[in-house]
Amino acid sequence: MAALIAENFRFLSLFFKSKDVMIFNGLVALGTVGSEELFSVMAFNCPCSPARNYIYGLAAIGVPALALFLISVIWNNHTWNLVAECHKRGIKNFSAAATFLLFGSIMGRAAVAPVTWSVISLLRGEAYICALSEFVKPSSLDKFPADYGADVLARFPCKDVPANLTKFRDEVTRRLRYESQLFGWLLIGIVAVLVFLTKCLKHCCSPLSYRQEAYWAQYRSNEDKLFRRTAEVHSRILAAKNVKHFFGFVALDKEEKELVQEFPVEGVQPSPQWNAITGVYIYRENKGFPLYSRLHKWAKGVEGNGPSPEGHEMLFLAS
């Protein structure tokens, strides 16, 4: 049991794997702040009508957050690696902890933008005041006129109220803004605690040393850059050869001519090779030597997706 728990805890390496990820998350948060400010200035307009305020206020917070969440999930490479893994190999080689970690990594990184949007919306308080103003109990307001009800309270966010209710409108607005900002600060605190615990668990449970983990991050970054750059050149040269075969010539600029002469491309990689380097990757070692990616594993000729007597699987998810 202890060995199983120790093995499963090795999965606790989430999305704050490198400085690049932290910078990316920071840029996403800043972009979300700017978008929320622009939305509040140009788009937010409380209807100030009973029953409509609540729906509109919640929609102003929830719908953009949901859209940002879905966009973040779509942009996350882990999402499509998981899709490819399920399509080609299934998830039978992953334990429940591995699957949970993978989904946690996708959901955690995708939550940056919607959480930022929600926090800024709550700190501003406009949507919260619009949504809940009509639900303030008149009895909680000292000397509130008895002949006014929820229809008047719903108009408080628009300041379209009789003069004798101005002080009550200010009190309701101040009270709701206090509640909204309190929820916003609490959300910030909860997220900060979760990030702190995640970082602590990640460093405590990592089977790799700090230097090896930093090297692994550098390797993944360099491999991705070189792969994309090489794929772009390879596809351009292959396209040039096919166009030349069709027309009898191809119009290349000087740089492209040099590329065609320098890098001879004979054909394309077969589908099994593409499938072998595509999908979810978990850190593995083979005979004591680390395998840092699916491409690295393919280049070394290591077969299979699970642990074997000759290869030890460290079960450490790549970010």
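Is Arg175 buried, partly exposed or exposed? Arg175 counts as partly exposed, because its relative accessibility is 26%. This residue returns below, with its charged partner.

## Overview

This is a predicted model. The chain has 319 residues, and 36% of them are buried. Its secondary structure consists of 13 helices and three strands.

The accessible surface comes to about 19,200 Å². Carbon and sulfur atoms account for 65% of that surface. Consider next the contacts in the chain with a separation of 6 or more. Residues 24 or more positions apart make 73% of these contacts.

## The nonpolar core

The largest nonpolar core has 21 residues. Phe144 and Phe156 have the most contacts inside this core. Four helices each supply at least two of the core's residues: H3 (52-75), H7 (126-132), H8 (150-153) and H9 (166-205). H7 gives the most, with four residues.

What does Phe156 touch, leaving out residues up to four places away in sequence? One partner is Phe144. The others are Val161, Leu165, Phe168, Arg169 and Val172.

## A nonpolar patch on the surface

Nonpolar side chains also appear on the outside. Five residues make a nonpolar surface patch of about 570 Å²: Ile71, Ile74, Trp75, Trp80 and Val83. Helices H3 and H4 (77-88) each supply at least two residues of the patch. The largest share, three residues, comes from H3. H3 therefore contributes to this patch as well as supplying at least two residues of the largest core.Ile71 is one of the patch residues, and its place is in helix H3. Why does Ile71 count as partly exposed? The reason is its relative accessibility of 39%. Partly exposed residues lie between the cut-offs of 20% and 50%.

## Salt bridges along the helices

How many salt bridges does the chain have? The count comes to five. Among them is the pair of Arg175 and Glu171, whose side chains meet at 3.3 Å, N to O. Both residues lie in helix H9. They are four residues apart, about one turn of the helix. Glu171 counts as partly exposed, with a relative accessibility of 26%. Arg175 has a relative accessibility of 26% and is partly exposed.

Helix H10 (residues 210-247) holds the pair of Arg228 and Asp224. Their side chains meet in a salt bridge at 3.0 Å, N to O. These two residues are four residues apart, about one helical turn. Asp224 is partly exposed, because its relative accessible area is 37%.

Glu232 and Arg236 also form a salt bridge. The closest N and O atoms of this pair are 2.6 Å apart. Glu232 and Arg236 sit four residues apart in helix H10, so about one helical turn separates them. Glu232 counts as partly exposed at 37% relative accessibility. Arg236 counts as partly exposed at 29%. In general, side chains of opposite charge can pair when their charged atoms come close.

## Annotated transmembrane regions

Which residues does the UniProt annotation "transmembrane region" cover? According to that unreviewed entry, the annotation covers residues 21-42, 54-75, 96-117 and 182-201.

Two of these spans can be compared with the model. Residues 54-75 are 100% helix and 0% strand. The end C-alpha atoms of this span lie 32 Å apart. Residues 182-201 are 100% helix and 0% strand. Here the end C-alpha atoms are 29 Å apart.

## Cysteines around Cys158

Where is Cys158? Its place is in the loop between H8 and H9. Cys158 counts as partly exposed, because its relative accessibility is 36%.

Which residues does Cys158 contact, leaving aside its neighbours within four places in sequence? Cys158 is in contact with Cys46 and Cys48. Cys130 is 28 residues from Cys158 along the chain. The C-alpha atoms of Cys158 and Cys130 are separated by 8.6 Å.

Methods
Residues numbered from 1 in each chain as written. Predicted model: local features only at pLDDT ≥ 70, side-chain atom pairs only at ≥ 80, totals over all residues. Heavy atoms only, no water. Core = buried A, V, L, I, M, F, W, Y, C linked by side-chain atoms within 4.5 Å. Buried < 20%, exposed > 50% of the residue type's maximum accessible area, 1.4 Å probe, protein only. Contact = heavy atoms within 4.5 Å. Patch = residues over 30% accessible without salt bridge, like charges linked within 9 Å, V, L, I, M, F, W, Y side chains within 5 Å. Areas by Shrake-Rupley, 256 points an atom, 1.4 Å probe, with all protein chains shown as cover. Salt bridge = Lys/Arg side-chain N within 4 Å of Asp/Glu carboxyl O. UniProt positions renumbered as here; feature names shortened; annotations may be inferred.
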